[in-house]
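Thanks for passing this one along. Here are my notes, set out as numbered points to read beside the structure.

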Amino acid sequence: MGKEVVLTGITTTGTPHLGNYVGAIRPAIAASAVANVESFFFLADYHALVKSRDPDRVAQSTLEIAASWLACGLDPETVYFYRQSDVPEIAELTWILTTMTAKGLMNRAHAYKAAVQDNEATGKKDPDAGITMGLFCYPILMAADILMFGAHKVPVGRDQKQHVEMARDIAGRFNHHYGELFVLPDAVIDDSTAVLKGLDGRKMSKSYDNIIPLFAPEKRLRKLIMRIKTNSLEPGEPKDPDTCTLFGIYRAFASAQETEAMDQRYREGIGWGEMKNLLFDYLNEHLAGYRDEYQKLLAAPDHVEAVLQVGAERARSISRPFMARVRHAIGIRRLG
Ligand code: TRP
């Protein structure tokens with residue numbers, strides 16, 4: 001049997017935070033080391049354009065995200081690691097899929113519907129005010145990402161599940177009409193990976209502005225941890241670890257034994273000040289090696305670029321011949 005293809009994209013708009021590391025980067029790198037799996041990780045910079053029109057931000061985020069994955073141990077020789085825009089066949093396939101996609105399917109996309117609802121709620125005359133075709137067609141570009149490389153499994157957050165199902169729909173329609181070219185992908189949503197809470201106790205997310213950057217310098221890391229919201233229980237009073245932001249972060253990095261011991265300390269009434277210091281020391285020690293590597297990579301963008309170029313060439317060794325088959329199937333052929 002052939003290898004199972006696992007593929008996922010990372011939109012290049014932000015700076016990776018602790019929640020991204022625990023929920024996506026770390027499990028993805030671990031999964032990529034499994035035999036019989038072929039992993040594709042790419043920087044979704046065309047998707048980033050839908051969310052950000054700040055060119056420097058998009059470029060800087062691309063560097064930061066690439067450097068983060070490499071610093072965390074991603075091996076660009078065992079996986080396919082590339083930038084979406086370096087594989088022009090993806091944009092080409094996007095158009096072809098666009099011609100096979102029902103407009104009604106896109107009307108039902110959650111992200112588009114939410115934008116329309118927003119317009120209606122704020123009394124805009126045009127329900128489509130401010131909505132670009134990029135936002136509307138976002139799922140088609142994502143379908144091209146997925147179908148180009150024959151992905152079987154697509155690990156994503158819950159908010160992206162619908163997009164993977166749309167890719168499956170589009171692939172089915174194409175296959176029905178032109179012959180079986182595309183693999184039908186499945187979304188994989190891992191409920192067992194930890195979801196970290198941020199500074200204010202809500203889910204750690206860029207949109208809540210409550211993140212702790214994965215590679216915040218030591219001083220800043222300490223400051224941010226000190227800012228994490230706790231309750232007003234005094235030292236000596238028993239505390240509930242399960243609802244505690246600090247404990248949740250600790251547990252995501254600590255061993256089972258360490259977590260058990262910390263649980264005990266909560267029951268005994270560890271003070272918030274002490275816990276924050278402990279958490280800082282623990283995280284700082286755990287991340288220091290990765291952080292040094294990250295800083296080195298940020299200081300060597302040429303090197304990161306070279307890694308991405310090699311990745312793009314490897315990806316294109318698949319996408320070029322595959323696109324030739326797609327073109328032939330739809331009747332875009334050399335004459336004579
Ligand atoms: N849209 C995804 C997100 O915002 C990123 C993404 C782009 C992606 N293309 C993809 C994820 C293909 C999985 C497969 O998180």
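**Notes on the predicted model**

1. Let me start with the aromatics. Phe40, Phe42, Tyr80, Tyr82 and Phe149 come together as one aromatic cluster. Please keep in mind throughout that this is a predicted model. One member of the cluster, Tyr80, also has a charged partner: Arg314 lies over the face of Tyr80, 4.3 Å from the ring centre. A further case of a charge over a ring involves Arg26, whose charged end sits over Phe253 at 5.6 Å from the ring's centre.

2. How many aromatic pairs are there in the count? The total is 15 aromatic pairs. Tyr266 and Trp272 make up an edge-to-face pair, with 5.9 Å from centre to centre and 65° between the planes. Are these two residues buried or exposed? Tyr266 has a relative accessible area of 0%, so it is buried. Trp272, with a relative accessible area of 10%, is buried because the cut-off is under 20%.

3. Next, the nonpolar cores. The largest contains 54 residues, and Leu18, Trp69 and Ile212 have the most contacts inside it. At least two residues of this core come from each of helix 1 (18-32), strand 2 (37-44), helix 3 (55-71), helix 9 (218-227), helix 10 (245-253), helix 11 (256-268), helix 12 (272-298) and helix 13 (301-330). Helix 12 gives the most, with eight residues. Apart from this core lies another one, of 45 residues, which includes Tyr112, Ile140, Phe149 and Phe174. Phe149 thus appears both in this second core and in the aromatic cluster of point 1.

4. Trp69 deserves a look of its own. Which residues does Trp69 contact, leaving aside its neighbours within four places in sequence? They are Ile10, Ala24, Ile25, Ala28, Ile29, Phe41, Leu74 and Phe81.

5. Helix 11 is a nice one to check by hand. Its 13 residues should span 18 Å at 1.5 Å a residue, and the end C-alpha atoms are 19 Å apart, so the two values agree. Thr259, Met262 and Tyr266 are buried in helix 11. These three cover an arc of only 65° around the axis, and therefore lie on the same side of helix 11. Their packing partners are elsewhere in the fold: the buried residues of helix 11 pack against helix 10 and helix 12. On the other side of helix 11, Gln257, Glu260 and Glu268 are exposed. Gly269 follows helix 11 and has a positive phi, near 95°.

6. Helix 8 (residues 161-178) can be read in a similar way. From first C-alpha to last, its 18 residues reach 26 Å, close to the 26 Å expected at 1.5 Å a residue. Its buried residues are Gln162, His163, Val164, Met166, Ala167, Ile170, Ala171, Phe174 and Asn175. Among them is Phe174, which also belongs to the 45-residue core. Just after helix 8, Gly179 takes a positive phi of about 105°.

7. Lastly, Val6, which lies in strand 1 (residues 4-11). Its relative accessibility is 14%, so Val6 counts as buried. Beyond its neighbours within four places in sequence, Val6 is in contact with Val37, Glu38, Ser39, Phe40, Lys153 and Pro155. Phe40, in turn, is one of the residues in the aromatic cluster. Val6 and Tyr138 are 132 residues apart along the chain, and their C-alpha atoms are separated by 20 Å.

How values were computed: Residues are numbered from 1 along each chain as its sequence is written. This is a predicted model: local features need pLDDT of at least 70, side-chain atom pairs count only at pLDDT 80 or more; totals for chains, interfaces and linings use all residues. Side-chain values use heavy atoms; hydrogens and water are left out. A nonpolar core is a set of buried Ala, Val, Leu, Ile, Met, Phe, Trp, Tyr and Cys residues joined through side-chain atoms within 4.5 Å. Buried means under 20% relative accessible area, exposed over 50%, partly exposed in between (1.4 Å probe, protein chains only). Helices (H or I, at least four residues) and strands (E, at least two) are DSSP runs, numbered from the N terminus. Contact means heavy atoms within 4.5 Å. Rings of Phe, Tyr and Trp (its six-membered ring) pair if their centres lie within 6.5 Å; planes under 30 degrees apart count as stacked, over 60 as edge-to-face and the rest as tilted. A charge sits over a ring if NZ of Lys or CZ of Arg is within 6 Å of the ring centre and within 35 degrees of the ring normal. The expected span of a helix is 1.5 Å times one less than its number of residues. The arc is that of the directions from the helix axis to the C-beta atoms.
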